[in-house]
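Visitor: I'd like to learn how to read a protein model feature by feature. Could you walk me through one?

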Amino acid sequence: SSAPSPGCRGVMAPSSGDILKLAEANACWAPADLLCMEESTFIRNVELLGAVRGFRLPQLMTLKEKAVQVWDMPSYWKEYHIASLGRIALALNESELEQLDLSSIDTVASLSWQTEWTPGQARSILQGFLEDSVYSIQDLKSFHLLGLGTTLCAMNTTEISLIKISEFRAVVARIGTLLCSTHVLAAFKRKAEVVFGDPTEW
């Protein structure tokens with residue numbers, strides 16, 4: 001950089017060309033390198049960086065800091081900002097997730113593609129969608145349930161029992177692929193019994 005930020009003098013920050021060529025090997029950048037990346041480089045390559053499977057939490061935290069530098073606080077982020085983050089979104093803590101505008105199921109769907117959420121993070125996303133969209137569990141359609149994806153694992157047994165039978169029936173195959181806790185899967189199994197009857201008759 002012609003005018004490096006304080007603390008970035010002598011740091012080999014990634015360029016757009018580096019990021020494009022390295023692909024999954026971008027996971028080898030140190031957090032300090034990523035933090036010193038030029039804002040324009042981050043904007044141009046955020047989706048590529050968000051797709052790197054090998055980034056560990058310190059690197060993801062640094063990229064989240066970069067996103068805050070470039071786009072301001074999460075409460076200001078638009079749907080396209082959130083969708084472009086990919087795995088970088090995993091670095092958002094519960095209060096930052098609560099700041100996001102999650103009124104659109106498309107925004108939530110872009111987050112639910114990630115499978116590494118903690119139970120607390122997943123709960124924040126689920127709660128954020130219900131509050132921002134002003135839907136109750138009983139109102140959810142099959143496409144909402146599909147969009148919620150992995151965050152359905154954050155539902156409690158009472159909430160699962162409130163899902164409409166017709167909507168649950170339409171997405172039961174997708175729900176069956178979720179890696180929820182045994183406790184949550186047991187609640188989904190009880191829901192399946194309401195839909196399909198006793199398992200001995202299946």
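Guide: Happy to. Let's begin with secondary structure: the protein comes to 12 helices and 0 strands. Keep in mind that this is a predicted model.

Visitor: What pattern does the protein follow, read along the sequence?

Guide: The pattern is α-α-α-α-α-α-α-α-α-α-α-α. For overall dimensions, take the C-alpha trace, which spans about 70 × 30 × 20 Å along its principal axes.

Visitor: How many of the 202 residues count as buried?

Guide: Buried residues make up 45% of the 202. As for the surface, the protein exposes about 10600 Å², and 56% of that is supplied by carbon and sulfur atoms.

Visitor: And what should I look at for contacts along the chain?

Guide: Take the contacts between residues at least 6 apart in sequence, and ask what share joins residues at least 24 apart; in this protein that share is 69%.

Visitor: How far apart are the mean positions of the positive and negative charges?

Guide: They are 3 Å apart, with 17 positive and 23 negative charges in the protein.

Visitor: Now a single helix. Which residues of helix 11 are buried?

Guide: Helix 11 covers residues 165–175, and its buried residues are Glu167, Phe168, Val171 and Ile175. Looking down the axis of helix 11, you find these buried residues within an arc of 100°, so they line one face of the helix.

Visitor: Are Ala170 and Ala173 buried or exposed?

Guide: Exposed: Ala170 and Ala173 sit on the other side of helix 11. As for the buried residues of helix 11, what covers them includes helix 9 (142–148) and helix 12 (182–196).

Visitor: Let's try single residues. Where does Ser124 lie, and which residues is Ser124 in contact with, leaving aside its neighbours within four places in sequence?

Guide: Ser124 is found in helix 8. The idea for burial is a cut-off: under 20% relative accessible area counts as buried. Ser124 has 5%, so it is buried. Leaving aside neighbours within four places in sequence, Ser124 is in contact with Glu94, Leu97 and Glu98.

Visitor: What about His81: buried or exposed?

Guide: His81 has a relative accessible area of 11%, so it is buried. His81 lies in helix 5, residues 79–84, and its side chain reaches the backbone nitrogen of Lys78 at 2.9 Å.

Visitor: Where is the place of Gly86?

Guide: Look in the loop between helix 5 and helix 6 (94–99). Gly86 is in a loop, and with a relative accessible area of 18% Gly86 is buried. Not counting residues up to four places away in sequence, Gly86 touches Gly50 and Gln114. You can also set sequence separation beside distance: Gly86 and Arg123 are 37 residues apart along the chain, and their C-alpha atoms are separated by 18 Å.

Visitor: How do I read backbone angles?

Guide: The general idea is that most residues other than glycine have a negative phi. Ala23 has a positive one, near 50°. Ala23 lies in the loop between helix 1 (16–22) and helix 2 (31–35), and at 44% relative accessibility Ala23 counts as partly exposed.

Visitor: What is the phi of Val134, and where does Val134 lie?

Guide: Val134 is not a glycine, yet its phi is positive, at about 60°. Val134 lies in the loop between helix 8 (119–133) and helix 9. For accessibility, over 50% counts as exposed; Val134 has 69%, so it is exposed.

Visitor: One more stop. Is Trp202 buried or exposed, and where does Trp202 lie?

Guide: Trp202 lies in the segment after helix 12. With a relative accessible area of 54%, Trp202 is exposed.

Visitor: Which residues is Trp202 in contact with, leaving aside its neighbours within four places in sequence?

Guide: Those are Ala192, Glu193, Phe196 and Gly197. For Phe196 there is a further detail: the side chain of Trp202 reaches the backbone oxygen of Phe196 at 3.5 Å.

Visitor: How far apart are Trp202 and Glu39 in space?

Guide: They are 56 Å apart, C-alpha to C-alpha, with their positions 163 residues apart in sequence counted as the separation.

Key: Residues numbered from 1 in each chain as written. Predicted model: local features only at pLDDT ≥ 70, side-chain atom pairs only at ≥ 80, totals over all residues. Heavy atoms only, no water. Buried < 20%, exposed > 50% of the residue type's maximum accessible area, 1.4 Å probe, protein only. Helix = DSSP H or I, 4+ residues; strand = E, 2+ residues; numbered from the N terminus. Arc of directions from axis to C-beta. Contact = heavy atoms within 4.5 Å. Areas by Shrake-Rupley, 256 points an atom, 1.4 Å probe, with all protein chains shown as cover. Lys, Arg positive; Asp, Glu negative; His and termini not counted. Charge placed at Lys NZ, Arg CZ, Asp CG, Glu CD. Polar contact = N/O pair within 3.5 Å; in protein donor to acceptor, adjacent residues only side chain to side chain.
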